[in-house]
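Please examine the sequence and the structure shown here before reading on. The paragraphs below explain how parts of the fold are arranged.

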Amino acid sequence: MRLQRNKTVLLVFSLSAKIEAERKPLFGAKKQKVSTQFFDLLIKNTLEVANKSNVDVVWLDETQQKGNTFAERYANAYKSLYAQGYTNVISIGNDTPNLTANHIQQAVDAMATKKVVFGPSKDGGIYLFGVHKSIFNEDAFKNLPWLTSKLSKKIHTLAIAKNVSFTVLETLKDLDTTASVICYAYENPNSVLGSFILFHTNIKSKSTLKTGNNLVALFYTSSVSRRGPPRL
């Protein structure tokens, strides 16, 4: 954790690898250890990118988050950082491996003149959210459709309706389903994450993979237990 070098802080808001693996058994219920190792890699990658930014970095996992719901915990994290003297809070999660230091720098630069910056995810969520202290409204923040495919569009619509200046970053893919994980591996086979995924899914050929559903079906067909997909 680095504190108070400037008025902008980068918040890494996530769960620990162990809890992530319990909630998202992306490699199957019987491969909990593999899922934990996978999230360890994701978190390490995220923190490496975060620490390349030229702003203060704060990582909050479930042991430090306060509140009964995701919205409460997230809002409280922003409030806490504003109370520490920061003017801009930019938050990211741990499930967007294509996020780079350049994306974060774009967000930091945007916050110099805008009140909001966000990075849309392919599934309709967001991977980055920056909010200036002057326009932070706790109730409105909590009422956003968090953890849904409507989030990015809602933030965009509200910013326009409230006449709030904003910047939208490029759309990236996050990894929160088995299909998205395997697709990432075939798009980035030489990366550390891609190699890890391909090794632990035992899928050898890309030629038969045409859709996300086919990816998942082939993955579970190749599994020894031949169980159904986990509840994500």
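**Helices, sheet and a buried aspartate**

In this predicted model, helix H2, formed by residues 32–50, lies across strand E1 (8–13), E2 and strand E3 (88–92). Its direction is at about 175 degrees to that of E1. A further helix, H3 (residues 70–83), lies across E1, E2, E3 and strand E5 (126–132); the angle between H3 and E1 is about 155 degrees.

The strands just named belong to an open sheet of 6 strands, whose order is E2-E1-E3-E5-E4-E6. Strands of a sheet pair through backbone hydrogen bonds, in either a parallel or an antiparallel manner. In the present sheet, the pairing is mixed. Strand E2 (56–60) and strand E6 (166–168) each have a single partner strand, so one side of each is left without a neighbour in the sheet. On average, neighbouring strands are turned by 15 degrees against each other, direction ignored.

At the E6 edge of the sheet, strand E4 (residues 116–120) is joined to E6 by 3 bridges, and these two strands run parallel. Within this pair, Val116 stands opposite Phe166 of E6.

The chain then leads to Asp174, which lies in the loop between E6 and helix H7 (178–187). Which side chain of opposite charge is nearest to Asp174? It is Lys24, at 7.3 Å. A salt bridge requires a distance within 4 Å, and Asp174, although buried, has none. The side chain of Asp174 does, however, make a polar contact with the side chain of Ser121, at 3.4 Å. Beyond its neighbours within four places in sequence, Asp174 is in contact with Asp95, Thr96, Ser121, Asp123 and Ser180.

Note on methods. Residues numbered from 1 in each chain as written. Predicted model: local features only at pLDDT ≥ 70, side-chain atom pairs only at ≥ 80, totals over all residues. Heavy atoms only, no water. Pairing = 2+ DSSP bridges. Helix = DSSP H or I, 4+ residues; strand = E, 2+ residues; numbered from the N terminus. Axes fitted to C-alpha atoms, helices over the stretch in contact; angles between N-to-C directions. Contact = heavy atoms within 4.5 Å. Buried < 20%, exposed > 50% of the residue type's maximum accessible area, 1.4 Å probe, protein only. Lys, Arg positive; Asp, Glu negative; His and termini not counted. Polar contact = N/O pair within 3.5 Å; in protein donor to acceptor, adjacent residues only side chain to side chain.
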